[in-house]
Amino acid sequence: MNTNELTYLLNKPNAINEKQTMALEIVLQQFPYFQSVRSLHLKGLLNQDSFRYNYELKKTATHTNDRSILLTLLLQMIL
């Protein structure tokens with residue numbers, strides 16, 4: 001994943017597909033504390049109705065400095 005793809009996904013998180021979710025997972029393996037990528041990865045799992053969503057949600061919550069931002073993001077994802 002390059003910076004253009006990442007910027008596009010940050011601007012349009014609803015456009016995340018399965019392939020991009022896998023690419024985000026690879027980025028997370030290299031940079032595990034990259035909050036933006038972790039949130040996008042979570043959004044991709046939600047879009048796919050993945051069984052890993054709840055596990056990754058807990059992980060994302062532990063890696064997030066301000067959980068109120070995560071709550072806002074999740075509410076936007078659901079609506």
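Here is a chat about the predicted model shown above.

Visitor: Okay, start me off easy. How many helices and strands does the chain have?
Guide: There are 5 helices and 0 strands in this predicted model. Going along the sequence, you get the pattern α-α-α-α-α.

Visitor: And what does the C-alpha trace span along its principal axes?
Guide: It spans about 30 × 25 × 25 Å.

Visitor: How does the radius of gyration compare with that of a compact globule?
Guide: The chain has 11 Å, and a compact globule with 79 residues would have a value near 12 Å, so the two agree.

Visitor: What's in the largest nonpolar core?
Guide: That core has 8 residues: Leu 6, Leu 9, Ile 16, Leu 24, Val 27, Leu 28, Val 37 and Leu 40.

Visitor: Which elements give two or more residues to it?
Guide: Those are helix H1 (3–11), helix H2 (18–30) and helix H3 (35–47). The largest share comes from H2, with 3 residues.

Visitor: Let's zoom in on Val 27. What does it touch, leaving out residues up to four places away in sequence?
Guide: Val 27 touches Met 1, Phe 34 and Val 37. Val 37 belongs to the largest core too, as you saw in the list.

Visitor: What about a second core, which residues does that include?
Guide: The second core is separate and has 6 residues, including Leu 42, Tyr 53, Ala 61 and Leu 70.

Visitor: Zooming out again, what share of the residues counts as buried?
Guide: Of the 79 residues in the chain, 33% count as buried. As for the outside, the accessible surface comes to about 5500 Å², and 56% of that belongs to carbon and sulfur atoms.

Visitor: What about contacts, how many join residues at least 24 apart?
Guide: If you take contacts between residues at least 6 apart in sequence, 43% of them join residues at least 24 apart.

Visitor: Switching to charges. How many positive and negative side chains are there?
Guide: The chain has 8 positive and 6 negative side chains, and the centres of the two sets lie 3 Å apart.

Visitor: Last thing: what's up with phi of Asp 49?
Guide: Its phi is near 55°, a positive value in a residue other than glycine. Most residues other than glycine have a negative phi.

Visitor: Where does Asp 49 sit, and is it buried or exposed?
Guide: Asp 49 is in the loop between H3 and helix H4 (53–63). Its relative accessible area is 68%, which is over the 50% cut-off, so Asp 49 counts as exposed.

Definitions and conventions. Residues are numbered from 1 along each chain as its sequence is written. This is a predicted model: local features need pLDDT of at least 70, side-chain atom pairs count only at pLDDT 80 or more; totals for chains, interfaces and linings use all residues. Side-chain values use heavy atoms; hydrogens and water are left out. A nonpolar core is a set of buried Ala, Val, Leu, Ile, Met, Phe, Trp, Tyr and Cys residues joined through side-chain atoms within 4.5 Å. Buried means under 20% relative accessible area, exposed over 50%, partly exposed in between (1.4 Å probe, protein chains only). Helices (H or I, at least four residues) and strands (E, at least two) are DSSP runs, numbered from the N terminus. Contact means heavy atoms within 4.5 Å. The radius of gyration is taken over C-alpha atoms; the globule rule is 2.2 Å times the number of residues to the power 0.38. Accessible areas come from the Shrake-Rupley method with a 1.4 Å probe; for residues, only the protein chains shown count as cover. Lys and Arg count as positive and Asp and Glu as negative; His and the chain ends are not counted. The place of a charge is taken as NZ of Lys, CZ of Arg, CG of Asp or CD of Glu.
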